[in-house]
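Hello,

Here is the structure I promised to pass on. Please open it first; my notes follow below.

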Amino acid sequence: MDVAVTLDALGHDGPITMFGRSGQLPTVRGPQTSYKLTHLTPTAIENAAKNAPLSIDAVSRMIQDELRAAGSSPQLLLRAMRPQPPLARLSAQLDAFLTSSDIGPQILQIAVATVGQDLWYLLDTTAKHWVLDHLHRTVMALCCPMPAFNATRIAKLLATGQLTVHAGITAVHPARSGGFTVATGTGPTAVDLLVNTITPARRHTPHAARGLIDHAIATGLLHPNPAGGVHVFRHTSQALDVQGRANPHLYILGELTSGAFYFISGMPVLAKRSADIAHHITRHTY
């Protein structure tokens, strides 16, 4: 979205093509709300996971309870998530932005920053894999929305035909004459310049960091998480060693926490996690 909006702002008048597996654009961020979560709270999540890891059903019940408490409903949320052609979807959401009083999507966006990492940390491992395999794109589209200003610009580009969206991407090949050929469900498309903005559901250690991380794991300083990255302590982001002990001098943010946490790169989540780390450091002297 940012690349397309920037091209438009710079006066680019040539075609812009977006490729993706689903062809669905992110949702539109609704008006800011001061709603306070009452069911999706750290205490409620910890109580639900007291005797066993959280299940998908337990998380679903908490989400439904929160939606109903806010005067919304699961049905309204599912309607907002229903696949539609890109322009129709954006137009409907921009209309809802101006006229609807439903704050269901905003509730989930609030929950991402406040309890999203707690939910994922305490979720059953099998459930984590199921979400990554079946719900990742839907969750990211709903919980990482674009501002209404950007949505308006994208809708204009779609309406004029300057921007097109193709689903079912399967491969990208360098073209002999320059540029690339992108294979999709509707056939190959040639492009002059290709910008990769894909964030994979499953993260891997960056190539440049593998030597350092492999050495830290081999010496027991870090402990690999089977879901990705390394093990960290939920409350403070401290690295955990092979015995599960928190390292008092090592805190971790970003890609290496991909197994412990689901949302690891959004500014609201990073700000909260950084604040937790700073709070812990200032309360302890080693």
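Which residues does I45 touch, not counting residues up to four places away in sequence? The contacts are L54, M62, V115, D118, L119 and L122. Please keep in mind that this is a predicted model.

I45 is a good place to start. The largest nonpolar core has 29 residues, and I45 is among the four that touch the most other members. The others in that group are L40, L54 and L119. L54 and L119 also appear in the contact list of I45. Several helices feed this core. At least two residues each come from α3 (56-69), α6 (104-114), α7 (116-122), α8 (125-134) and α9 (136-143). There is another core apart from this one. That core has 16 residues, including V5, L94, I154 and L163. As general background, nonpolar side chains tend to be buried together in soluble globular proteins.

Next, a helix pair. Helix α5 covers residues 86-99, and helix α10 covers residues 148-160. Their axes come within 10 Å. They cross at roughly 145 degrees, and the crossing is left-handed. On the α5 side, the residues that meet α10 are P86, L87, L90, L94 and F97. On the α10 side, they are A148, A151, T152, I154, A155, L158 and A159. By class, this contact has 11 nonpolar residues, one polar and no charged ones. L94 and I154 take part in this contact, and both belong to the core of 16 residues.

P86 deserves its own look. P86 is found in helix α5. Leaving aside neighbours within four places in sequence, P86 is in contact with G23, L25, L158 and V165. V269 is another matter: P86 and V269 are 183 residues apart along the chain, and their C-alpha atoms are separated by 28 Å.

Now the whole chain. The chain has 12 helices and seven strands. Of its 286 residues, 38% count as buried. Taken along the principal axes, the C-alpha atoms fill a box of roughly 60 × 50 × 35 Å. How does the radius of gyration of the chain, with 286 residues, stand against that of a compact globule? A compact globule would have a value near 19 Å; the chain has 21 Å, which agrees. Contacts reach far along the sequence too. Among contacts with a separation of 6 or more, 68% join residues 24 or more positions apart.

Over to you.

Best wishes

How values were computed:
Residues numbered from 1 in each chain as written. Predicted model: local features only at pLDDT ≥ 70, side-chain atom pairs only at ≥ 80, totals over all residues. Heavy atoms only, no water. Core = buried A, V, L, I, M, F, W, Y, C linked by side-chain atoms within 4.5 Å. Buried < 20%, exposed > 50% of the residue type's maximum accessible area, 1.4 Å probe, protein only. Helix = DSSP H or I, 4+ residues; strand = E, 2+ residues; numbered from the N terminus. Contact = heavy atoms within 4.5 Å. Axes fitted to C-alpha atoms, helices over the stretch in contact; angles between N-to-C directions. Left-handed = near helix turned anticlockwise from the far one by under 90°. Nonpolar A, V, L, I, M, F, W, Y, C, P; charged D, E, K, R; others polar. Rg over C-alpha atoms; globule rule 2.2 N^0.38 Å.
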